[in-house]
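User: Please take a close look at one part of this model. I would like to see how a sheet and the helices lying on it are put together.

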Amino acid sequence: MGLLTIGTFARAARLSPKALRLYDELGLLRPAAVDGESGYRFYDPTQVERARLIAWLRRLGMPLARIRQVCDLDPKAAAEQVADYWAQVMADTAVREQLATFLVDYLSGRGSAVEDAETMIGIRYAARSELGLVRTSNDDVAYAGARLLAVADGGGPGGNLASVAAVDALKPLETKAIPAGDLLGALADAVGQADLAIQDITGSAPSSEAITTLTAMLWSGSQLALVHIGDTRAYLLRDGEIFQITHDHTYVQSLVDQGRLSEEEAVSHPQRALLVRALTGMGQSQPDLSLHTALAGDRYLLCSDGLSAVVAAEPLRGVLSGTGDPEQVLDELVRLAYDAGAPDNIACVVADVVTL
Ligand code: MG
């Protein structure tokens, strides 16, 4: 087939000739030929696909320089670029959403907005749950939203249902109006709902013993409420130092607390995964609840034992100290777990505290 006039090509690509002239000027799509005298542009029919792709990427809001790169990649690499771009857009939007919420409260004269104005912070976040190399099912859940972060590690038959139910029971907190000063109460109530949801699972088959750990954070301004039960963990990286801000509810940790076992011995103890507390659906779970103040520059990690049991503190600190965004940090953390054989499911959430 010969070359097409710009009008014919525009119809084939379902674009306007004006858009095609713009793409030419921007260097995104050169015509196959230009008539020396008239200046008319001619296109090859095989260029339709690229023209359509450019139009779609522009509608997505992707910057021109990045469109140029994506168009020159093979489809698989291009797909990854589009996914990365969209994850970044979502992260930026979440931060803007927090700013909008703050401004609505501030301009409505609600809450302690004037104090908050000096510490106006938001979070950038990413979550991931991986099967690992040994397990045949994934009982871990990782969730991150603008106000809520959570990881859960299910156990027993139906453990996968328990971890999903627990995190699902917390999700309404993302949009619920929570009175100032009641962050902990709201989170505690939601954990009560999570326990009821697990009761529903085990209620239908009382011998199933579906249980789950849960470590979650609920944010409001610079305040964060932390709930924790089991051996999932929360870490804080502040000023280059790493702090574990949850206490494992394991048999082995209780031996360490009593001075009957050293930290080093605990790491390789055969019963290190034995929990003394978890969400069991029995209504008597006793989670730890605490309130914290976040600072711009803080980085939080929530993770399951699929990460913390196989990656030592120093490599963990090294990765968390890196300058990458939360998605990149997750890539590196998961890689460390896989390098260590990934014997268990791996759930991680990373959140960076940023100034709005
Ligand atoms: Mg686990």
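Analyst: Helix 5 covers residues 75-107. In this predicted model, helix 5 lies across two strands, strand 4 and strand 14. Its direction makes an angle of about 140° with strand 4.

Now turn to the sheet itself. It is an open sheet built from five strands. Read across it and the order is 4-14-13-10-11. The pairing is antiparallel. Which strands sit at the edges? They are strand 4, residues 121-130, and strand 11, residues 241-244. Each of these two pairs on one side only. From one strand to the next, the twist averages 20°.

Look next at one pair inside that order. Strand 13 spans residues 299-303, and strand 14 spans residues 346-355. Five bridges join the two, in the antiparallel sense. Leu-301 gives you a landmark here: it stands opposite Val-350 of strand 14.

A further helix belongs in this picture. Helix 12, residues 313-320, lies across strand 10, strand 11 and strand 13. Strand 10 is the run 233-238. Helix 12 runs at about 130° to strand 13.

So how do you trace the whole arrangement? Start at strand 4, an edge strand. Step to strand 14, which helix 5 also lies across. Go on to strand 13, the antiparallel partner of strand 14. Then follow the order through strand 10 to strand 11. Strand 11 is the other edge strand, and helix 12 lies across it.

How values were computed
Residues are numbered from 1 along each chain as its sequence is written. This is a predicted model: local features need pLDDT of at least 70, side-chain atom pairs count only at pLDDT 80 or more; totals for chains, interfaces and linings use all residues. Side-chain values use heavy atoms; hydrogens and water are left out. Two strands pair if DSSP finds at least two bridges between them. Helices (H or I, at least four residues) and strands (E, at least two) are DSSP runs, numbered from the N terminus. Axes are lines fitted to C-alpha atoms, for helices over the stretch in contact, and angles run from 0 to 180 degrees between N-to-C directions. Contact means heavy atoms within 4.5 Å.
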